[in-house]
Amino acid sequence: MAALYACTKCHQRFPFEALSQGQQLCKECRIAHPIVKCTYCRTEFQQESKTNTICKKCAQNVKLYGTPKPCQYCNIIAAFIGNKCQRCTNSEKKYGPPHSCEQCKQQCAFDRKDDRKKVDGKLLCWLCTLSYKRVLQKTKEQCKHLSSSSRASLQEKEQYSRLSSGSHYNSQKTLSTSSIQNEIPKKKAKFDAISANGDSVPSSPEMLCPPIQSAPSTLAPWAASHHCPVSQGTDILNFSPDLALDSPGTDHFVIIAQLKEEVATLKKMLHQKDQMILEKEKKITELKADLQYQESQMRAKMNQMEKTHKEVMEQLQDRGVKVPQQLGRGPSTFIPLEETTQLGCVGTSMKSPGHPLPPGAGSGDTGSRGHRRCPFLAGRRLSSSDGILQEGAESSRRRVLIEAFVSGGRVDNITTVMGLHPQYLSSFWKTQSLLLRMDGPLPYHKRHYIAIMAAARHQCSYLVGWHMREFLQVGGNPAWLQGLHCAPRKLRNLNEINKLLAHRPWLITKEHIEALLKTGEDSWSLAELVQALVLLTHYHSLASFVFGCGISPEQEQEGGQGCRAPSPPTDNSPAPNYSVGDSGVKDAMQEVEVLMEKMKLLQESQLEEEGVTQEEMETRFEMEKTESLLVAPSDVTDHSLRSNVLCFVEDPEFGYKDFTRRGEQAPPTFRAQDYTWEDHGYSLINRLYPDVGQLLDEKFQVVYNLTYNTIAMHCGVDTSMLRRAIWNYVHCVFGIRYDDYDYGEVNQLLERSLKIYIKTVACYPEKTTKRMYTQFWRHFKHSEKVHVNLLLLEARMQAALLYALRAVTRYMT
């Protein structure tokens with residue numbers, strides 16, 4: 001009786017050949033617990049359950065050290081301590097610094113100084129070594145299988161000849177035996193010699209298979225039975241010597257013939273694809289030529305208009321005619337008209353036959369509408385010392401606004417105000433162009449409808465009106481614009497998460513994501529939902545910018561130039577207007593000096609202090625979060641919703657509530673280190689919505705690092721501390737805490753009037769008034785206040801995105 005052996009998993013006994021090598025598992029256990037690769041360290045382990053994707057060692061390290069980072073050398077996500085994984089750390093200590101892998105070209109192969117430990121003499125990294133060995137093993141198994149089948153066929157032929165030969169059996173047997181003995185050892189010797197030499201392959205077909213070359217008469221009967229012409233034998237071997245080497249038997253001709261047919265088919269398909277590409281390139285060239293012609297015509301038209309305008313103005317001045325002033329208040333009700341370029345105002349009054357740009361879209365990357373990216377978007381920075389219109393800065397800004405007009409036939413008010421910071425404006429254009437015009441999971445008309453839903457939550461009729469027109473121009477159903485109740489159920493399902501993202505993003509859970517992704521006729525795909533989330537947060541924050549800067553409606557919009565602005569609301573109280581010698585000017589200048597002194601003291605204290613404990617940091621954050629309850633606008637009034645906005649809002653009473661409420665249990669604080677944009681949010685968006693993650697990250701970095709090293713009348717100032725305080729305070733009011741930040745700096749650097757403005761613009765922007773805008777930083781330039789609004793825009797968007805993406809991640813895991 002044959003001996004039985006126990007399975008290492010279920011402990012039942014089986015014959016030895018029924019158990020797997022190494023693990024010694026039976027067939028059922030191998031199916032139930034397959035060998036998989038660890039998500040982190042990439043080593044193979046036996047999977048206990050379908051949800052278990054990491055090995056026991058990595059699971060223990062995750063509990064001790066948290067989620068690992070990519071290794072500095074091999075890029076395997078297994079660096080729990082420091083920047084290198086344990087495998088690379090040990091190899092570096094033992095063998096020295098890494099070398100370039102000959103397969104993947106990464107700097108992660110360690111030279112063991114022993115050729116016997118190399119794979120065929122190649123210096124490979126760990127992952128490439130495993131892959132190479134698997135290929136070699138598979139090739140050997142195929143060769144072994146083909147050799148056994150060849151020997152079996154020879155034995156069958158010999159037996160058949162023995163039975164049918166009769167009296168000539170002995171002579172035939174002698175002939176067959178001698179021929180087989182003469183052939184097989186030669187081929188085996190050649191094959192063994194080549195195999196022992198690693199991966200080197202002889203170049204001549206004679207070395208691969210001499211009998212086929214020398215005895216075509218012997219091959220003819222076999223070729224006829226397998227429908228393979230003998231004359232092609234040499235060509236077939238020349239086609240793939242590696243494959244001939246791997247197949248020492250005669251059966252390799254069948255495989256080679258099949259592969260040759262596949263190659264011919266693939267070549268034909270490749271030729272067809274090349275023809276399609278050539279046709280598309282030809283069409284693209286024609287479209288580019290047409291676009292260039294249209295732009296040249298537009299430029300000529302604009303130059304002619306400027307020339308005509310200049311001549312008319314000169315004639316009127318020569319005749320002594322008083323030129324009437326422009327009606328309206330310019331692109332912003334908060335910023336004086338002379339602070340913004342006149343080009344923006346002129347552009348808003350000119351319409352072109354082409355498609356007008358959405359707010360801020362300008363001349364982004366080429367999209368479905370054919371807008372060309374302007375040359376200024378290459379990343380230039382302002383060279384002026386004060387950051388506003390002075391010589392080089394003025395020419396740069398004028399150039400980017402001209403490009404916006406040429407591309408879209410207009411310069412909208414958002415573009416004009418953002419043009420005070422052209423470096424940020426170029427990044428904003430690219431992102432918004434990708435969201436609205438480039439390829440994506442959502443159709444174009446639904447993107448604009450989602451923008452309408454987002455802007456309506458903050459009563460921003462400026463953006464609602466813009467995208468209603470855009471919605472119709474891209475073929476949207478006009479019936480949907482009657483209200484949210486007329487939209488498809490799939491879009492109406494977004495209302496709940498739209499409401500939470502706009503006012504209380506910390507309440508979003510994975511259940512909200514699951515409800516939208518559940519199977520059904522009106523379900524969302526994960527890629528569609530991620531694009532919708534980015535659109536919602538983008539237009540919530542853009543509404544904050546519209547209200548925070550007092551953007552005026554366009555001339556053709558309802559309530560345009562010369563009419564009452566539907567958004568933003570303004571109070572009737574007069575703004576402070578300090579003249580020379582007024583005491584208010586001295587007070588404003590004193591505020592600047594006090595701020596400069598505080599920044600200097602904080603910088604000195606940071607150098608002298610040894611460090612603040614985490615407990616103290618957390619206490620200061622909780623104090624700042626509690627104090628934010630006291631920061632609320634005192635002179636706001638309720639503004640009734642306009643009819644064109646109210647129809648897109650359900651539950652209009654739902655609004656922002658402080659993260660920490662008196663007498664209520666607050667939700668847990670969002671620790672920024674637990675779910676960061678750099679490590680988690682960026683990669684998730686890039687995986688589900690390609691390219692937008694890179695553009696969002698660029699936009700965040702540009703506005704966070706944007707500086708002209710000026711504060712009011714002072715130059716050469718490091719403003720990083722002030723910018724960080726504004727960014728972190730916005731996140732603070734949304735319940736996000738940074739463990740490495742001292743929130744005592746917020747109280748030191750941000751005065752109460754600035755805190756009121758920041759919280760109002762970020763949390764309930766529809767309540768922003770001109771008085772709030774004028775009461776903070778009274779001696780600062782308007783371009784610096786616009787910079788504050790850009791920081792608010794991006795900090796708010798990132799905060800809401802972090803809450804939404806964290807819920808998506810929890811749903812996926």
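Which residues are linked in a network of salt bridges? In this predicted model, the residues joined in this way are Arg671, Asp674, Arg737 and Asp739. The legends below take the network as a starting point and then move on to other close-up views.

**View 1. Arg671, Asp674, Arg737 and Asp739 form a network of salt bridges.** The view shows two arginines, Arg671 and Arg737, together with two aspartates, Asp674 and Asp739, whose salt bridges link the four residues. For the model, the count of salt bridges comes to eleven, and further examples appear in the next two views.

**View 2. Lys499 forms salt bridges with Glu496 and with Asp651.** In the pairing with Glu496, the side chains meet with an N to O distance of 3.4 Å. Lys499 and Glu496 both belong to helix α19, which covers residues 495–503, and because they are three residues apart in that helix, about one helical turn separates them. In the pairing with Asp651, the closest N and O atoms are 3.3 Å apart. Here Lys499 is in helix α19 while Asp651 is in the loop between α24 (643–646) and β9 (670–671), so this salt bridge ties together parts that are 152 residues apart in sequence. With a relative accessibility of 9%, Lys499 counts as buried, because buried means under 20% relative accessible area. Glu496, by contrast, is partly exposed at 36%, and Asp651 is also partly exposed, its relative accessibility being 38%.

**View 3. Lys84 and Glu92 meet in a salt bridge through their side chains.** The distance given for this pair, from N to O, is 2.9 Å. Lys84 has a relative accessible area of 26% and is therefore partly exposed, and Glu92, at 22% relative accessibility, counts as partly exposed as well. The view can be extended to helix α3, which covers residues 86–95 and in which Cys88, Thr89 and Ser91 are buried. Just after α3 comes Gly96, whose phi is positive, with a value of about 95 degrees.

**View 4. Leu64, Tyr65 and Ile81 make a nonpolar patch on the surface.** The area of this patch is about 340 Å². One of its members, Tyr65, lies in helix α2, which covers residues 56–65. The relative accessibility of Tyr65 is 45%, and on that basis the residue counts as partly exposed.

**View 5. Arg42 has a positive phi although the residue is not a glycine.** The phi value of Arg42 is near 70 degrees. Arg42 is placed in the loop between the strands β3 (35–37) and β4 (44–46). With a relative accessible area of 31%, Arg42 is partly exposed.

**View 6. Trp777 also has a positive phi without being a glycine.** For Trp777, the value of phi is about 50 degrees. The place of this tryptophan is in the loop between α30 (770–775) and α31. Trp777 is buried, with a relative accessible area of 7%.

**View 7. Helix α31 comes together with helix α20 and packs with helix α27.** Two packed helices are described by the angle between their axes and the distance between the axes. The axes of α20 (residues 510–517) and α31 (residues 782–812) come within 8 Å and cross at roughly 70 degrees, which means that α20 is roughly perpendicular to α31. For α27 (residues 720–733) and α31, the axes are 9 Å apart and the packing angle is about 40 degrees, which means that α27 is oblique to α31. The crossing of α20 and α31 is right-handed, and the crossing of α27 and α31 is right-handed too.

**View 8. Arg457 is shown together with Asn498, a residue 41 positions away along the chain.** The C-alpha atoms of Arg457 and Asn498 are separated by 8.0 Å. Arg457 lies in helix α16, which covers residues 444–457. At 5% relative accessibility, Arg457 counts as buried.

Technical notes: Residues numbered from 1 in each chain as written. Predicted model: local features only at pLDDT ≥ 70, side-chain atom pairs only at ≥ 80, totals over all residues. Heavy atoms only, no water. Patch = residues over 30% accessible without salt bridge, like charges linked within 9 Å, V, L, I, M, F, W, Y side chains within 5 Å. Areas by Shrake-Rupley, 256 points an atom, 1.4 Å probe, with all protein chains shown as cover. Helix = DSSP H or I, 4+ residues; strand = E, 2+ residues; numbered from the N terminus. Buried < 20%, exposed > 50% of the residue type's maximum accessible area, 1.4 Å probe, protein only. Axes fitted to C-alpha atoms, helices over the stretch in contact; angles between N-to-C directions. Parallel < 35°, antiparallel > 145°, perpendicular 65-115°, else oblique. Left-handed = near helix turned anticlockwise from the far one by under 90°.
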